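Student: Could you walk me through one part of this structure in detail? I would like to see how a single strand sits among its neighbours, and what open space lies around it.

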Amino acid sequence: MFNVHDITRDACMLKGPLKHQGYDWWWHSFTGRDALTGEEKPFFIEFFLCNMASGGDKPVFGQLPENRKAGIKPSYLMVKAGAWGEDHAQLHRFFGWNEVRLQADAPYSVEAGDCYVSETQLRGSIHISPEEAEAHPEWMCDAGDMRWDLTVDKQIAFNVGYGASKPLRDIEAFAMYWHAEGMKSAFSGTVEFAGRTYLVTPETSFGYADKNWGRDFTSPWVWLSSNHLTSKITGKRLENSVFDIGGGRPKIYFVPLDRRLLGVFWYEGEEYDFNFSKVWLDVKTKFSFHEDEENVYWHVIQENIHALMDTKITCKKKDMLLVNYEAPDGSRKHKRLWNGGNGRGVIKLYKRSHKELELIDEVIATHVGCEYGEYEDTKLSQ
C-alpha cells in the first residue's frame, strides 16, 4: 500500500545533525486560469529550510564569494515561487531564522512576514526588482512579482514506506528522503503574477504537493507526475488517477546505489507500485533523458512481478526553467536542473500474467510536473 496519508512525515525533519547541515522543503505545484482570458498557467510554491542551527537575524548566503572562501554555510528560509510557460520565472525571498515562526511537529506550519504554509493553506508574496536581481546573484533568481492565497486538499498520497520511516530517518540512512502527502491535490484560491490575476479551482488545478529533506541532493535528479490523465482506449478522463516517479541515484550511508527510481500509478483506485525499496516486488527500472534544441525528453520503464509501466514525457524548453538551489554544504552542484509544469506524454500500463503482458490502458498525460538534472561529475552513460 502506498496511498497511506501520514502527516508526521510532513513534519520538519531538521533535527540532530540535519539541523546543522540539512535541508527540508515543502513543494506545491498547480494550474490557474487567467481571470479575464481563461488562459491556463502552471505555478509552483516552495518553502525551503536550510541549516537552522546556524541561523540568526539575517539570511546567510553560501554563494557569496566571501562566504565561500571562509567556508560559511548557507542558513535561511527561502520562499520560492514562480510560473512556467514562455514568461517563466523563479522568484526567491529569504528570511533569517529569527524572523521565522516554525511549528516543527505535525501538523507543521512555517511563517515569516506575510508568507505562510501548512497542510491546508498557502499565502504570501514576493517582489524582486530587475535592479535587485542583477545586484544579488547570490539570490539565484529572476525579477518579478507574485502574490498568492490558496487552500490545499491533499487527496491521494505516495508514502514510500520503510525507506522514509523514523528508524531510517533517525540514523540518516539516506542522503535525501521523499514523501508525497498530496501527489493528487486540489488547490483553490487566487494568484497574482506579472500584473494578472489567476483563479485556481479544485477541478482544474491538477495539483501536487510533496516534500524532500536530507543532507545532500540526488544526481541524477528525476521527477515526473500528473493527475490530468485521459484513457486513449475509452476517451474518458481518469478522475481517480495519478502517477508519480522520482529519485535518481540514492545514497545510503554515503554509498551511491545504481540508478534507481521510485514510481507508482494510482489507476482508478488500483495501486501499481514500482518502489525499488520493496524487494519482494523485484522492481526493475530503465530510464533515459535527452534534449534537442526545442524539447527535453524522459523515458522510464518500470516493472515488477505484477505489472509494467512505460512512461514517455516531453516538455518544451521555452516553457521550462533551470531551477536553482544551493546545498547545505554551500556548494551549488546542480547547475542545469530542468524544471517544468507543462509536460505531456503517454503512459502504457500493463498487467503481468506469468511471462505475458496484457495492456490495461494507454493514457495521455498533460500538465506533467517534470525535472531532470545531473552533476557534471556524476553523469553516467544511458
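Tutor: Here is a close look at one strand, its partners and the spaces and cores around them.

Please keep in mind that this is a predicted model. Let's take β1, which spans residues 23-34. Eleven of its twelve residues are buried, so β1 is largely enclosed by the rest of the structure.

Now for the partners. β1 and β2 run antiparallel to each other, with eleven bridges between them. They form a hairpin with five residues between the strands, and in it Gly38 adopts a positive phi near 80°. β1 also pairs with β12, again in the antiparallel sense, through seven bridges. Trp26 is a handy residue to follow here: its bridge partner in β2 is Phe47, while in β12 it stands opposite Lys211. There is a further antiparallel partner, strand β11 (residues 196-200), joined to β1 by two bridges. In that pairing, Asp34 of β1 has Tyr198 as its bridge partner.

Phe47 is worth a stop of its own. Leaving out residues up to four places away in sequence, Phe47 touches Asp24, Trp25 and Trp26, and its other contacts include Leu77, Met78, Val79, Val110, Tyr116 and Leu122. Phe47 is also among the residues with the most contacts inside the largest nonpolar core, together with Trp148, Met183 and Val191; that core has 77 residues. Strand β10 (residues 176-193) gives the largest share of this core, eight residues. Apart from this core lies another, of 31 residues, among them Leu261, Phe274, Met320 and Leu349.

Next, the open space. The whole structure holds two cavities of 30 Å³ or more, and β1 helps to line the second largest cavity. About 120 Å³ of space lies in that second largest cavity. Its lining has 16 residues, and Ser29, Phe206, Tyr208, His367 and Gly369 are the ones nearest its centre. Besides β1, the elements that each supply at least two lining residues are β12, β13 (221-226) and β25. By class, the lining of this cavity comprises seven nonpolar and nine polar residues, with no charged ones.

From the hairpin partner β2 you can step across to the largest pocket. β2 (40-50) gives two or more residues to the lining of this pocket, as do β22 (307-316), β24 (338-353) and β25 (356-373). β24 contributes the most, with four residues. The pocket contains about 320 Å³ of space. Of its 18 lining residues, Glu40, Pro42, Asp319, Gly341 and Asn342 lie nearest the centre. Its lining includes six charged residues, along with nine polar and three nonpolar. The lining of the second largest cavity, as you saw, has no charged residues.

A last stop is a loop residue, Val283, found between β19 (270-275) and β20 (284-291). Val283 has a relative accessible area of 19%, which is under the 20% cut-off, so it counts as buried. Its contacts, not counting residues up to four places away in sequence, are Phe274, Asn275, Phe276, Glu303 and Asn304. One of these, Phe274, belongs to the core of 31 residues mentioned above. Val283 and Leu308 are 25 residues apart in sequence, and their C-alpha atoms lie 9.5 Å apart in space.

How values were computed: Residues are numbered from 1 along each chain as its sequence is written. This is a predicted model: local features need pLDDT of at least 70, side-chain atom pairs count only at pLDDT 80 or more; totals for chains, interfaces and linings use all residues. Side-chain values use heavy atoms; hydrogens and water are left out. On a 1 Å grid over the protein atoms alone, a cavity is a set of points where a 1.4 Å probe fits but cannot get out, and a pocket is an open set with protein on both sides within 12 Å along at least five of seven lines; lining residues have an atom within 4 Å of a point. Grid points are joined across faces, edges and corners, and a volume is the space filled by probe spheres set on the points. Ala, Val, Leu, Ile, Met, Phe, Trp, Tyr, Cys and Pro count as nonpolar, Asp, Glu, Lys and Arg as charged, and the others, Gly among them, as polar. Buried means under 20% relative accessible area, exposed over 50%, partly exposed in between (1.4 Å probe, protein chains only). Two strands pair if DSSP finds at least two bridges between them. A nonpolar core is a set of buried Ala, Val, Leu, Ile, Met, Phe, Trp, Tyr and Cys residues joined through side-chain atoms within 4.5 Å. Contact means heavy atoms within 4.5 Å.
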